[in-house]
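Please open the model in a viewer and keep the selection panel at hand. The tour proceeds from a whole chain to a single helix pair.

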Amino acid sequence: MNPFDVVSKIPGIVAAILSDESGNLLESVGNIDGESAAAVNAFARESFGKAGDILGLGSLDRVVIASPTRSAIVAVRPGYVMSVFADAGKPFSTVEKKLTEILSR
Amino acid sequence: MDAILKTLSDLEGVNGAVVTDARGQVVAYRAHAVYDLPLLQQVGHATVTAIDSIKLLHEDWESISAQFSEGKLLIRNIARGKGPEYTLSVIADARLNVSFAGVAIRVAVGKLKTVLEAEAAAPLGMAVRPPIAAPAAAAPSGRGSIPDGVTNGLSWSEFGGSSGMSASGMNGVDAASSVVLAGCTKALARSVGPMAKRYVKEAVSMLWPDRPFSRDQLPVLVAELEKYLANPEDASQFRKTVAKISV
C-alpha cells in the first residue's frame with residue numbers, strides 16, 4: 001500500500017499532503033490548500049535545513065508545529081516531504097509516532 | 001534575561017538558548033563556545049525565514065520543533081500581544097529529555113515575556129534591549145562550555161551628545177567626532193537594531209585600539225560596519241545617512 005494512503009488514514013488527522021522536495025504537490029487529502037501548504041513546507045524545510053547545517057545538527061528529519069487551532073508534522077524523506085495536520089486537542093504525539101513508524105517501514 | 005537563558009542552558013543536552021527578534025537579530029544568547037554570535041545570527045535569519053513561511057499556514061503558532069539526525073531545534077513564540085515578536089530557540093543534542101525541557105522552556109518563555117514587556121513599558125530612550133551576551137573564556141573541555149554572558153550595558157544616552165560618552169569607552173577625539181560616532185551608530189541601528197552599539201564599539205576597538213575615534217576615520221569605520229549589512233539596500237541607506245551626518 002502506498003505510504004501516503006496509510007498516513008492519510010491515521011486517526012485524528014484532518015489533512016495530509018505529499019509533495020516533492022521542491023514544493024510541488026503530489027497528493028493531498030482533507031480540507032487544506034494543498035498547493036500552498038506544499039510550497040510552505042518545502043520552503044520551511046530548506047530554511048530549517050540551512051539552520052541545522054550551520055549548527056551541525058545533521059539532516060532534517062521532521063518539523064512539528066503547534067498552535068491553539070491546529071498542529072502539523074512535516075516529515076522530510078529523501079525525494080519527498082509528507083505532512084499531516086490535526087485539529088487542536090487531539091493527541092498529537094500519537095499521530096507523530098504513527099507517522100514516523102509508517103515512514104520508517 | 002541572561003539568568004533565564006542560563007537556566008535553560010544548564011539542562012542536560014542543551015547546547016544553546018537564543019532570543020531573537022522578528023528580523024532574526026539575536027538580542028540575547030547563551031551557548032557553547034562553538035556557537036558564536038555570527039553563527040547564531042545566521043541561524044536566526046534562517047529560522048525567521050522558516051517561521052515567516054510557516055505563519056502562512058499557522059498564523060497563531062506557539063511552538064516549532066525541528067528534529068534533526070543529531071539534535072533538535074526547539075522554537076517558542078514569545079508573543080506579547082501587539083508588541084514586537086521575539087522567539088526563543090533552544091539548540092539541543094540527543095541527550096535532551098524533551099518532557100523535562102518542555103517544562104523548563106515554558107517557564108522560561110513566561111519569564112522572558114515579563115522581561116520584554118517591562119522593557120517595552122520603560123520610557124523611550126531607556127528601553128533599548130541590551131545587546132547580547134559576549135563570548136567569554138575558552139572552553140575547559142573539548143566539548144565546549146557555556147560561557148558566562150556579559151552585557152555591555154550600553155544605552156542610547158551614551159551616544160546622545162558630545163559630552164555624554166565616556167561611560168561607554170567610545171569617546172571621539174573631540175566633540176564633533178563623538179557626534180559623528182553617535183550618528184553612525186543610530187544609522188546602523190536602523191538595520192540591525194540595538195546590536196549596532198556593540199558592532200560600532202567592537203569596530204572602533206578593533207580598528208583603533210590605542211586611540212579614540214576621529215571623524216576623518218569615518219570612511220574606514222563605515223566600510224567595517226557594512227559587513228553587518230547583508231542587504232545591499234540597507235548598506236546603501238546606511239552610507240547615505242552617514243554621509244549626511246558627517247558633513
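Begin by selecting chain B and displaying its surface: about 11,400 Å² is exposed, with carbon and sulfur atoms supplying 56% of that area. The model is a predicted one, and the values given here are computed from it.

Next, colour chain B by burial. Of its 247 residues, 51% are buried. If contacts are drawn between residues at least 6 apart in the sequence of chain B, 57% of them join residues at least 24 apart.

Now switch to a cartoon view. Chain B contains 7 helices and 5 strands. Followed along the sequence, these elements appear in the pattern α-β-β-α-β-β-β-α-α-α-α-α.

From this set, select helix α4 (residues 175–192) of chain B together with helix α6 (residues 218–225) of chain B. How are two packed helices described? The angle between their axes and the distance between the axes serve this purpose. For α4(B) and α6(B), the angle is about 20° and the axes lie 12 Å apart. Because angles under 35 degrees count as roughly parallel, α4(B) is roughly parallel to α6(B). The crossing of α4(B) past α6(B) is right-handed.

Finally, show side chains where the two helices touch. Which residues of α4(B) meet α6(B)? On the α4(B) side, select B:Val180, B:Leu181, B:Cys184 and B:Leu188; their partners in α6(B) are B:Leu218, B:Leu221 and B:Leu225. Colouring this contact by residue class gives 7 nonpolar residues, with no polar and no charged ones.

Technical notes. Residues numbered from 1 in each chain as written. Chains lettered and ligands numbered in written order. Predicted model: local features only at pLDDT ≥ 70, side-chain atom pairs only at ≥ 80, totals over all residues. Heavy atoms only, no water. Axes fitted to C-alpha atoms, helices over the stretch in contact; angles between N-to-C directions. Helix = DSSP H or I, 4+ residues; strand = E, 2+ residues; numbered from the N terminus. Parallel < 35°, antiparallel > 145°, perpendicular 65-115°, else oblique. Left-handed = near helix turned anticlockwise from the far one by under 90°. Contact = heavy atoms within 4.5 Å. Nonpolar A, V, L, I, M, F, W, Y, C, P; charged D, E, K, R; others polar. Buried < 20%, exposed > 50% of the residue type's maximum accessible area, 1.4 Å probe, protein only. Areas by Shrake-Rupley, 256 points an atom, 1.4 Å probe, with all protein chains shown as cover.
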